[in-house]
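The following exercises guide a reader through one protein structure, each with a worked solution. Please attempt every task before reading its solution.

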Amino acid sequence: STRLFNYTVIGDDVNLASRLEGTNKIYGTRIILGENTWVQVRDHVTARELGGVQVKGKKKPVTIYELRGIGKPSAEEAETIRLFEAGLAAYRARDWDQAERLFKDVLARWPNDGPSALYLHDLEDKRATQAIAVTKAEAAWQQAHKDGEILEKEYGIPRRYLQRVLSPWAVKRLEEYGGDIRQFQVVKRY
């Protein structure tokens, strides 16, 4: 029929909005704004930054905001948003203890706050990963120390030249060169 029209909306912002809609489930929020939208409405709404997310089709992370309401926030809501954003800043600075305290303060005010709960859960993972990394670094140092003893004893190479574990390839070449480390060539790779 000549009276029937089918309209559609396309473009980068529409694609981003579709991706952010699914992000609400992760954060436990209802409405998430992208940075471009937030810049246009920030004087008329109450929102808080949730951080950056990597979305399909974008090379850089997109800063996202939770829309909390229309108009200015109450004093209590403004303070809670400030606590959350301070927690986010501490999280970015890798100050896990401070971030945890601040997110827990937010949860004390807003018990069902999805973003604070999400960051607290993520902090547990960060701490566990950090503990594993420290353990691995300690093991690597101990191995380097053992390698240093062998290289100093067998090849006369002072331990101060060894800062990390030698690769099996390097050990094999060292044996081939009779311990003469001067025969190694350093190649810069890009």
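**Exercise 1: A network of charges**

Task: Determine which residues are linked in a network of salt bridges.

Solution: The network links Arg48, Glu66, Arg68, Glu77 and Asp113. The model is a predicted one, and the count of salt bridges in it comes to 7.

Step 1. Consider one pair within the network. Arginine 48 forms a salt bridge with aspartate 113, and their closest N and O atoms are 2.3 Å apart. Arginine 48 lies in strand E2 and aspartate 113 in the loop between H4 and H5, so this pair ties together parts that are 65 residues apart in sequence.

Step 2. Establish whether these two residues are buried or exposed. A residue is buried when its relative accessible area is under 20%. Arginine 48 has a value of 0% and is therefore buried. Aspartate 113, at 5%, also counts as buried.

Step 3. Turn to a second pair. Arginine 68 and glutamate 66 meet through their side chains in a salt bridge of 3.6 Å, N to O. Glutamate 66 is buried at 8%, whereas arginine 68 is partly exposed at 31%.

**Exercise 2: A salt bridge within a helix**

Task: State where arginine 82 and glutamate 79 lie, and how many residues apart they are.

Solution: Both residues lie in helix H3, 3 residues apart, which is about one turn of the helix. Their side chains meet in a salt bridge of 2.7 Å, N to O. Arginine 82 is partly exposed, with a relative accessible area of 44%, and glutamate 79 is partly exposed at 28%.

**Exercise 3: The sheet**

Task: Give the order of the strands in the sheet, and identify which strands stand at its edges.

Solution: Step 1. The open sheet has 3 strands in the order E1-E3-E2, with antiparallel pairing.

Step 2. Strand E1 (32-34) and E2 each have a single partner strand, so both stand at the edges and one side of each is left without a neighbour in the sheet. From one strand to the next, the twist averages 35 degrees.

Step 3. The pairing of E2 and E3 runs over 8 bridges. Valine 53 has valine 62, in E3, as its bridge partner. Helix H1 packs on the sheet, touching E1, E2 and E3, and its direction makes about 140 degrees with that of E1.

**Exercise 4: Helix H1**

Task: Test whether the length of H1 agrees with the expected span, and list its buried residues.

Solution: Step 1. At 1.5 Å a residue, the 16 residues of H1 should span 22 Å; the end C-alpha atoms are 22 Å apart, so the two values agree.

Step 2. The buried residues of H1 are Leu16, Leu20, Thr23, Asn24 and Tyr27. Aspartate 13, also found in this helix, counts as exposed at 51% relative accessibility.

Step 3. Just after H1, glycine 28 takes a positive phi of about 70 degrees.

**Exercise 5: The nonpolar cores**

Task: Find how many residues the largest nonpolar core has, and which elements give two or more residues to this core.

Solution: Step 1. The largest core has 25 residues; among those with the most contacts inside it are Leu20, Tyr27, Phe103 and Leu123.

Step 2. Two or more residues come from each of helix H1, strand E2, strand E3, helix H3, helix H4 and helix H5.

Step 3. A second, separate core has 5 residues, including Leu33, Trp38, Val45 and Tyr65.

Notes. Residues are numbered from 1 along each chain as its sequence is written. This is a predicted model: local features need pLDDT of at least 70, side-chain atom pairs count only at pLDDT 80 or more; totals for chains, interfaces and linings use all residues. Side-chain values use heavy atoms; hydrogens and water are left out. A nonpolar core is a set of buried Ala, Val, Leu, Ile, Met, Phe, Trp, Tyr and Cys residues joined through side-chain atoms within 4.5 Å. Buried means under 20% relative accessible area, exposed over 50%, partly exposed in between (1.4 Å probe, protein chains only). Helices (H or I, at least four residues) and strands (E, at least two) are DSSP runs, numbered from the N terminus. The expected span of a helix is 1.5 Å times one less than its number of residues. Two strands pair if DSSP finds at least two bridges between them. Axes are lines fitted to C-alpha atoms, for helices over the stretch in contact, and angles run from 0 to 180 degrees between N-to-C directions. Contact means heavy atoms within 4.5 Å. A salt bridge is a side-chain nitrogen of Lys or Arg within 4 Å of a carboxyl oxygen of Asp or Glu.
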